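Hi there,

Here is the structure I promised to pass on. Please have a look at it first, and then read my notes below.

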Amino acid sequence: MSRLVTGIGELVTQDAELGTLHDAAILVEDGLIGWVGPAGAAPAADSRVDVGGRTVVPGFVDPHSHLVYDGDRADEFAARMAGVRYDGGGIARTVTATRAASDDVLRALLASRVAEMRSQGTTTVEIKSGYGLTVADEVRALRLAGEVTPETTFLGAHVVPAGSRPDDYVALVAGEMLAACAPHARWIDVFCEPGSPHAFDGDQARTVLEAGAAAGLQLRVHGNQLGHGPGVALAVELGAASVDHCTFLTDADVAALAGGDTVATLLPGVEFSTRSPYPDARRLLAAGATVALATDCNPGTCNSSSMPLMIALAVREMGLTPTEALWAATAGGAQALRRTDIGVLRPGMRADLAVLDAPNHLHLAYRPGVPLARALDVTG
Ligand code: NIG
Ligand code: FE
């Protein structure tokens, strides 16, 4: 089946040769892009959809979320806005609520969160476990996440659960829990934050990541969220695809990111929701690092599923241009997931498209909070 998407007022392909087109069309064949070019030169297709002069961009790629959970922590957000600091302690509340929820309840919550993302233009999302923290509960979270995305991440090393000794828990995560979870995960992640009484130091994080790599998982790291620490350096040293947060970076961290192939995934919704300083994305780009944007959608540090909001915050608070922020939210996210089939619109790539109810992509940051973006259904 082929379908022509036409009437595209502005088409941001992010392909070096195709660039940005006006009055453009895209031919979709069996879910892949078959052709991109001027609407007047479009080939015939089985069906067509006219987007009426709107803007089309690659579907957003959100490479960091924690969508498998039950419970609500709005009270913590309110306390933070009144000056309370975030230290990861609230994760335990979500663990309790999530363990108590049935598979069907979690499945329904997950489906509604993924639908909420799609309705705002996100076509790929990575989803972590990490609110189970027992072998059975972590496997369950990954099984449910795997029903909605191939980008599943084992985050048994989210925090040390109540009643466990840290080193015993690290041994469990790197041993029995990893063995049970690895078949359900593509990635392994760890909350490396020596400044948190609940998370893991550099040595513990290394133990978890090296065990994950030996089990065939690829690496990602939560690092440098609450203060300076070893997370970024460790991620680069071990060849992680991405180190996420990067709120506090030394010059050596920036140099390491620039010299390695680990993407710096920035989470501006977290700085927003925890009243933290925003990292300087311009400093990273100037050094030669690759920057991605993600929501980190979770009940603790950022309960937003909106990639357009992340783009607006990155432009306003992190020094990215609107065009750079769009790149970071699409092609950057694809690199953070080591995906070569998404994030750019050219023949052969997946036809994952977002349509903006706007004349150009600058409106994503220019009109913050306005629901301009949605994923475009190119089937049928
Ligand atoms: O990425 N920092 C660690 N984990 C999450 C927050 C989880 C929570 O507070 O529930 C994050 O910010
Ligand atoms: Fe996170």
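**Where the two domains meet**

Domain 1 and domain 2 bury about 1300 Å² between them, and 68% of that area is on carbon and sulfur atoms. On the domain 1 side, Gln14, Leu364 and Ala375 lose the most area to domain 2, and together they make up 36% of what that side buries. Please keep in mind that this is a predicted model.

As for contacts, 17 residues of domain 1 touch 18 residues of domain 2. I also looked at the polar side of things: there are 0 salt bridges between domain 1 and domain 2, while 5 residue pairs are in polar contact across the interface, both partners being at pLDDT 80 or more.

Which elements of domain 1 face its neighbour? At least two residues each come from β5 (55-58), β15 (353-356), α14 (363-366) and β16 (373-375) on the side that touches domain 2. Of these, β16 gives the most, with 3 residues. By residue class, this side of domain 1 holds 13 nonpolar, 2 polar and 2 charged residues.

**The chain as a whole**

To put the interface in context, domain 1 is built from two stretches, 2-58 and 344-376, and domain 2 covers 60-336. Their C-alpha centres lie 30 Å apart. In secondary structure, the protein chain has 14 helices and 16 strands.

The C-alpha trace spans about 65 × 45 × 40 Å along its principal axes. The radius of gyration of the protein chain is 20 Å, which agrees with a compact globule, because a globule of 380 residues would have a value near 21 Å.

Happy to talk any of this through once you have had a look.

Best wishes

Key
Residues numbered from 1 in each chain as written. Chains lettered and ligands numbered in written order. Predicted model: local features only at pLDDT ≥ 70, side-chain atom pairs only at ≥ 80, totals over all residues. Heavy atoms only, no water. Domains from an automatic or database assignment. Contact = heavy atoms within 4.5 Å. Buried area = accessible area lost by both parts, 1.4 Å probe. Salt bridge = Lys/Arg side-chain N within 4 Å of Asp/Glu carboxyl O. Polar contact = N/O pair within 3.5 Å; in protein donor to acceptor, adjacent residues only side chain to side chain. Helix = DSSP H or I, 4+ residues; strand = E, 2+ residues; numbered from the N terminus. Nonpolar A, V, L, I, M, F, W, Y, C, P; charged D, E, K, R; others polar. Rg over C-alpha atoms; globule rule 2.2 N^0.38 Å.
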